[in-house]
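I opened my notebook to keep a record of what I looked up, one entry at a time, and to write down what each term means as I met it.

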Amino acid sequence: MTEKKLAIIATKGTLDWAYPPFILASTASALGYDTEIFFTFYGLQLLKKDLTLQVSPLGNPGMPMPMPVPVLLQALPGMQSMMTMMMKQKMKSKGVASVEELRELCVEAEVRLVACQMTVDLFEFDTKDFIDGIEYGGAATFFEFAGQSDICLYI
Amino acid sequence: MADFDRELDASGLNCPLPILRAKKTLADMESGQVLHIIATDPGSVKDFEAFAKQTGNELMSSGEEGGKFTFMMKKS
């Protein structure tokens, strides 16, 4: 079987959007894909050693709520951390893996994790805050792999 | 006598964990050995078919018993 390639760009830094890149990358690796994730802009949050990812109901009318909450109330202090806590509890009760666990599985499966150097500089991130074993590169680095990929996803 | 070599209980785990655990367990097995998998995720039925098709491991049988899904997979 010839090895297929999957290239993913991860651009979002919220708890909910952390799942698609790590779920797809880990699964693709299990299926024998050579996989790379390029983290850019807010997606760089997914590479932090200490993940403090949150979900926000604001601007997200599709988020299922246990009870209807008016938009202005969703903006109150503490709402975001409460929603995040509830989401994490829900995921745990349903046997959904944590982001940390999925990321660890990706690392174990040798998924290539590339951080966008430009956004690291732009946001003045300290690379010591990122997990070990990641690479740094730019758009050309991404295309070196993505140009040969069978599937390319922008998340 | 058990008609499998290894068993994986993925009960309570959700997508994609049953597949990832199965892949990991298969990696420690030898070609021709059979893995018995138990899962509760209804999505795992289609997923294990797709996993077998793409990895070349043979899904010998699958079934459902009291809300649990079981699979027999032979390592390629």
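The entries below go from the model as a whole to one helix, the core, one loop residue and the contact between chains.

**Entry 1, the model.** I noted that this is a predicted model, in which local features need pLDDT of at least 70 and side-chain atom pairs count only at pLDDT 80 or more, while totals for chains, interfaces and linings use all residues. Residues are numbered from 1 along each chain as its sequence is written, and chains are lettered from A and ligands numbered from 1 in the order in which they are written. I looked up the scores and found ipTM 0.83 and pTM 0.89. Chain B averages a pLDDT (the predictor's confidence in each residue, from 0 to 100) of 94, and 99% of its residues score at least 70.

**Entry 2, helix α1(A).** Helices (H or I, at least four residues) and strands (E, at least two) are DSSP runs, numbered from the N terminus. I checked the length of α1(A): its 16 residues at 1.5 Å a residue should span 22 Å (1.5 Å times one less than the number of residues), and the end C-alpha atoms are 23 Å apart, which agrees. I then found that 12 of the 16 residues are buried, so α1(A) is largely enclosed by the rest of the structure. Here buried means 20 or more other C-beta atoms within 10 Å of a residue's own, exposed means 12 or fewer, and partly exposed lies in between, with C-beta atoms placed from the backbone. The cover over these buried residues includes β1, β2, α3, α4 and β5 of chain A, together with α1 of chain B. Just after the helix, Gly32(A) takes a positive phi of about 100°.

**Entry 3, the core.** A nonpolar core is a set of buried Ala, Val, Leu, Ile, Met, Phe, Trp, Tyr and Cys residues joined through C-beta atoms within 7 Å. The largest one has 48 residues, and those touching the most other members include Phe22(A), Leu102(A) and Ile37(B). Its largest share, eight residues, comes from α1(A).

**Entry 4, Tyr42(A).** I found Tyr42(A) in the loop between β2 and α2 of chain A, where it is partly exposed, because 15 other C-beta atoms lie within 10 Å.

**Entry 5, between the chains.** Counting contacts (C-beta atoms, placed from the backbone, within 7 Å), I found 12 residues of chain B against 12 residues of chain A. On the chain B side, the largest share, four residues, comes from α1(B).

Key
Contact = placed C-beta atoms within 7 Å.
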